[in-house]
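Here is a relaxed walk through one model, going from strands to helices to ligands. Keep the viewer open while you read.

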Amino acid sequence: MADLSINMCGIKSPNPFWLASAPPTNGGEQVMRAFDAGWGGVVWKTLGTPITNVSSRFGAIDVGTTKAVGFNNIELITDRPLETNFKEIEAVKKRYPNHALIVSLMVESEQEWKDIIARSEDAGADGLELNFGCPHGMCERGMGSSVGQEPKILQRITHWAKTYAKVPVLVKLTPNITDIIPPGLAAVEGGADGLSLINTIKSIIGVDLDNLHLKPTVGDASSHGGYCGPAVKPIAMHMVAALARDKRITIPISGIGGIANWRDAAEFIALGSQSVQVCTAVMHYGYRIVEDMIEGLSNYLDEQGMASVNQLVGKAIPGFREWGDLDLNYQRVARINADSCIGCQLCYVACLDGAHQCIHTQKGPCQAWHGEPDHGVNPRLQASPKVQHEPKNGKSQVPYVDEAECIGCNLCQIVCPVPECISMVEVPHNKGHESWNQRVAKG
Ligand SMILES: Cc1cc2nc3c(=O)[nH]c(=O)nc-3n(C[C@H](O)[C@H](O)[C@H](O)COP(=O)(O)O)c2cc1C
Ligand code: SF4
Ligand code: SF4
């Protein structure tokens, strides 16, 4: 069985699965249950000058029957007294000496940073995470994402923290920025030992159309919140990978954003994360999801012949290229499996209206299923009656792909409701590799 243990910039953890700083890490009793369930580490709910939270504070987007595909919150940092938090951190650390306990912090002045770092270390923190990411409430007070958006200030506060901290310091970055590299570099230059990202994305989750109140409603109003959950995973992976492939980023990364199962975690790790952090999925399904994450990742590593999770870190990064370096001669086409096709025509409509008009029905061009005549000006549609429209495997509803016209965009495969019914097949060629950048260089 593969070794899942990690040592991220000196923070040791029995596995790479950490809880992100959020409601699941609000207090000692919760964190102890999380460790019992199998989580390797936690980042304690951000500590700072006590605040008051509003009610209500969460909102979500459902897609079909899937609940909370995107999640939004207007919660701030801890609303419990600092003394209570530190007492509980001490108790947890005593009982779980081999788990990673990182304390998230957010204060304003250098003196406040010095004090809260000392108190966190006295309580037994294995590491600190500087919250430069919270995009609501705290940023208006000059903290959170307002620091993450200003590399110079981020660097200065990171330097303060490193001046006073004895344990490793992670800098948690905000995604509310056009380019993640400058704040990442500022953290490195400030002396950070590691990066964590992403925090939440500024968002309005919805409007109640009965009374035109924004959600989540606080009386008759709301505020922008922070977006997270499965919907943000692609944005988070892009930012993690962008940092991981930059040679100037010399410190390890803790990946966060939409991670809900071992596959999500493995993808983040392959894109350069040494540890991964989870919030929304645990708020949705509870601590026990980590059992499947541990088992799934462990099996995957065994199947890949990897003895340790560390061998997976960054393995997908060489495949991340600039668009200008991609092979313009590579070609794939869609192929429909007539046996499994249920004749729903979704691929046909998608290709007709949203792609390259090269899927045809056996009844002829577009009017057969779409009910609209073509206008006689699209050569692909005009050509279609000449292609073969005989029933495939005796099924008259199986559409036909004109492979010579297919641009291999994947849209039909994406919309097809039958798993593996449409496969995208590589077309062999002997033209060699030619990228846009090579073409421009040739002149
Ligand atoms: C209700 C809620 C409260 C949060 N509070 C904090 C916080 O106090 N400190 C912090 O650094 N991040 C906080 N976050 C952000 C999470 O730690 C995490 O970065 C983000 O939710 C993305 O991960 P996910 O998609 O797994 O939820 C909070 C998120 C939620 C949903
Ligand atoms: S891959 Fe794109 S162009 Fe080709 S058949 Fe499917 S939708 Fe049409
Ligand atoms: S979308 Fe899939 S199942 Fe539906 S007609 Fe096309 S290939 Fe068949």
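## Barrel and sheet

Within β10, G194 is the bridge partner of L170. That pairing belongs to a set of 3 bridges that join strand β9 (residues 169-172) to strand β10 (residues 194-197), and the two strands run parallel. Strands here are DSSP runs of E with at least two residues, helices are runs of H or I with at least four residues, and both are numbered from the N terminus. Two strands count as paired if DSSP finds at least two bridges between them.

A word on what you are looking at: this is a predicted model, where local features need pLDDT of at least 70, side-chain atom pairs count only at pLDDT 80 or more, and totals for chains, interfaces and linings use all residues. Residues are numbered from 1 along each chain as its sequence is written, while chains are lettered from A and ligands numbered from 1 in the order in which they are written.

Back to the strands. β9 and β10 sit in a closed barrel of 8 strands, which goes round as β3-β4-β7-β8-β9-β10-β15-β16 with parallel pairing. On average, neighbouring strands of this barrel are turned by 25° against each other, direction ignored. Such angles run from 0 to 180 degrees between N-to-C directions, and the axes are lines fitted to C-alpha atoms, for helices over the stretch in contact.

There is also an open sheet of 4 strands, in the order β5-β6-β14-β11, with antiparallel pairing. β5 (58-63) and β11 (201-203) are at the edges with a single partner strand each, so one side of each has no neighbour in the sheet. Neighbouring strands in this sheet are turned by 40° against each other on average, again ignoring direction.

Zoom in on β5 and β6: they run antiparallel and are joined by 5 bridges. V63 has T66 in β6 as its bridge partner. The hairpin of these two strands has 2 residues between them, and G64 takes a positive phi near 60° there.

## Backbone oddities

Most residues other than glycine have a negative phi, and most peptide bonds are trans. Which spots are worth a look with that in mind? C9 is not a glycine, yet has a positive phi of about 45°; look for C9 in the loop between β1 (6-8) and β2 (11-13). L197 and I198 are joined by a cis peptide bond with omega about 15°, and I198 is in the loop between β10 and β11. The peptide bond from K215 to P216 is cis as well, with omega near -10°. P216 lies in the loop between β13 (213-215) and β14 (225-228).

## Two helix pairs

Two packed helices are described by the angle between their axes and the distance between the axes. Here are two such pairs.

| Helix pair | Angle | Axis distance |
|---|---|---|
| α8 (residues 262-270) and α10 (residues 289-303) | about 55° | 8 Å |
| α3 (residues 110-123) and α5 (residues 151-164) | roughly 40° | within 9 Å |

The α3 and α5 pair is therefore oblique; under 35 degrees counts as roughly parallel, over 145 as roughly antiparallel, 65 to 115 as roughly perpendicular, and the rest as oblique. α3 crosses α5 in a right-handed way, meaning that the near helix is turned clockwise from the far one by less than a right angle (anticlockwise would be left-handed). On the α3 side, the contact uses E110, W113, K114, I117 and A118, and α5 brings I157, W160, A161 and Y164. Contact means C-beta atoms, placed from the backbone, within 7 Å. By class, the residues of this contact are 7 nonpolar, no polar and 2 charged. Ala, Val, Leu, Ile, Met, Phe, Trp, Tyr, Cys and Pro count as nonpolar, Asp, Glu, Lys and Arg as charged, and the others, Gly among them, as polar.

The crossing of α8 and α10 is right-handed too. W262, R263, A265 and A266 in α8 meet D292, M293, G296, L297 and Y300 in α10, a contact with 6 nonpolar, 1 polar and 2 charged residues.

## Around the ligands

Which residues are closest to ligand 1? Of the 28 that surround ligand 1, the closest are A20, N73, C228, C279 and T280. A residue is near a molecule if its C-beta atom, placed from the backbone, lies within 6 Å. β4 (41-47), β6 (66-73) and α9 (280-285) supply at least two residues each to this shell, which has 13 nonpolar, 12 polar and 3 charged residues.

Ligand 2 is surrounded by 15 residues, with C351, A355, C406, C409 and C412 the closest. The elements giving two or more residues to that shell are α11 (346-354) and α14 (411-415). The shell around ligand 2 has 12 nonpolar, 3 polar and no charged residues.

Key: Contact = placed C-beta atoms within 7 Å.
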